[in-house]
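Please set out how this chain is folded, where its nonpolar residues gather and what surrounds its main open space.

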Amino acid sequence: MSEPRRPPNPSSPSCSPTPSNRRQFLGRAAGAALVAPLSLPEGLAGTTEAATGTLARSAGRVRHQANDQVQIAVVGAGGMGSANADTADTVPGARVVAACDLYDGRLERARERWGADLFTTRDYREVLARPDIDAVIVGTPDHWHRQISIDALRAGKAVYCEKPMVHHVAEGADVVAAQRETGGVFQVGSQGLSSLGNEKARELFQQGVIGELNYAEGFWARNSPVGAWQYTIPDDQSTATVDWQRYQEPLDAEHRREYDPLRFFRWRCYRDYGTGVSGDLFVHLFSSLNFVISSNGPRSIIATGGLRYWEDGREVPDVLLGMFDYPESASHPAFNLSLRVNFVDGTSGTTFLRLVGSEGAMDVKWDEVVVYRNAPVPAPDAFTAAAMAESGMGMGYERKRMRPPAEPVWRAEEGYLGAHYDHWQRFIDAVRAGDGSALVEDATFGYRAAAPALLCNDSYFEDRITKWDSENMRVVT
């Protein structure tokens, strides 16, 4: 692979009308919102039924020669790091050739997984020194994201960094600067951003289907030990099989501790290494929302929650609620956002992002989008119904029947490989081209998605409202 070219610094995607034109456009869309689904604008109506459509990836994907191979190293071969490497290994022309981890057992499994000839090491710097490595997966705990990403970019490697991009909000500017200075290919791993669902929602939003946005909400729930980060502790764990000292390198002396397997294998539960439920899950919702509405993010953040169930020594809440104020921009009016995560959901949990506007609402999932349209005439309330009964209106009433849903629904076609594959396909294409300018979730986008999630933690632990300048990417004090 040749050295990456320096791409221009991409800004957040913005294909929406200007504020003045947007209001005229949405005024037209508002009228259309009252008609039947069959009268939706061209491209929005279902292909097989009035209320059902299909999400499909457009044709024209770049095809590559078999010998045009992108060689990948995974740094941090735990759950998500290995999942990324597995997906990368299925993309034509990509191959996992090296793995780095601080636990010997993961290196053994890596050789079983990706081949006995796999290069393995405990020191990621040995990976970066290899000229045969084109791209690096940063799948480590969050406290290592900044340093490895910067070192990899400066070593001329493309970087796929798991979300959130950084551990503390102040670290984001360093990664953004490193990508700009090196011109390297960099993508954050909030894979839902590349989903068919997000793309369709973005298209519908830009066409004004829900009118003027005024509110959005997101929810992510789990109800299992693994989902709540109670990961398995290996029987052979010890200071002989785990490089505990290297694990703590990014921490200052005050936060370094004696070996604790819980802090190594269940790192998400502890603030020195992880970023809690907001860094794990809110950041996905921010990434999707900011992409769908072409936004840079909120300006104020307030959070509440608590440790309600998983009292296992963790330092972060298992229930978290966040409220966010988005300012007006060229692509959307001012609106409010609420996000919530629940790790003790007795209903078995779900996830969704909902956008609410003046003419309807839209539920967004990675493989499905549902649009709800306002009825042209509101249903009578209880007082109106009582008055009708008293006046004798409704005599001879014939009981109505249940009707099929009128809301348009788009679902992914059968055989869809999923957002994770598409996110990786785009990354591999960018690495092969040596140009990451077409990637949406670069360091700038990734920082704008991570910052409000991290400031949500600051709000919760410091019991205060936090402020964020999303345009200039800096904390407001």
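The report below goes from the whole chain to its cores, its pocket and one residue of a strand.

The model is predicted, and local features therefore need pLDDT of at least 70 and side-chain atom pairs count only at pLDDT 80 or more, whereas totals for chains, interfaces and linings use all residues. Residues are numbered from 1 along each chain as its sequence is written, and side-chain values use heavy atoms, with hydrogens and water left out.

**Overall fold.** The chain holds 13 helices and 17 strands, both taken as DSSP runs numbered from the N terminus (helices are H or I with at least four residues, strands E with at least two). Of its 477 residues, 53% count as buried, a term that stands for under 20% relative accessible area, with exposed meaning over 50% and partly exposed in between (1.4 Å probe, protein chains only). Among contacts with a separation of 6 or more, 75% join residues 24 or more positions apart, where contact means heavy atoms within 4.5 Å. About 21700 Å² of the chain is exposed, and carbon and sulfur atoms supply 50% of that area, computed by the Shrake-Rupley method with a 1.4 Å probe.

**Nonpolar cores.** A nonpolar core is a set of buried Ala, Val, Leu, Ile, Met, Phe, Trp, Tyr and Cys residues joined through side-chain atoms within 4.5 Å. In the largest one, which has 92 residues, L355 and M362 touch the most other members. Beyond its neighbours within four places in sequence, L355 has contacts that include F205, L289, V292 and M362. A second, separate core has 25 residues, among them V96, I137, V185 and V431.

**The largest pocket.** A pocket is an open set of points on a 1 Å grid over the protein atoms alone, with protein on both sides within 12 Å along at least five of seven lines, and its lining residues have an atom within 4 Å of a point. The largest has a volume of about 970 Å³. Of the 48 residues that line it, G78, G79, M80, G81 and W267 are the closest to its centre. Helix 3 gives the largest share of this lining, 5 residues. By residue class, the lining divides as follows.

| Class in the lining | Residues |
|---|---|
| Nonpolar | 23 residues |
| Polar | 12 residues |
| Charged | 13 residues |

**A residue of strand 10.** L321 lies in strand 10, residues 319-326, and is partly exposed at a relative accessible area of 40%. Outside its neighbours within four places in sequence, L321 is in contact with I302, A303, T304, L339 and R340. L321 and V341, 20 residues apart in sequence, are 6.7 Å apart from C-alpha to C-alpha.

Key: On a 1 Å grid over the protein atoms alone, a cavity is a set of points where a 1.4 Å probe fits but cannot get out, and a pocket is an open set with protein on both sides within 12 Å along at least five of seven lines; lining residues have an atom within 4 Å of a point. Grid points are joined across faces, edges and corners, and a volume is the space filled by probe spheres set on the points. Ala, Val, Leu, Ile, Met, Phe, Trp, Tyr, Cys and Pro count as nonpolar, Asp, Glu, Lys and Arg as charged, and the others, Gly among them, as polar.
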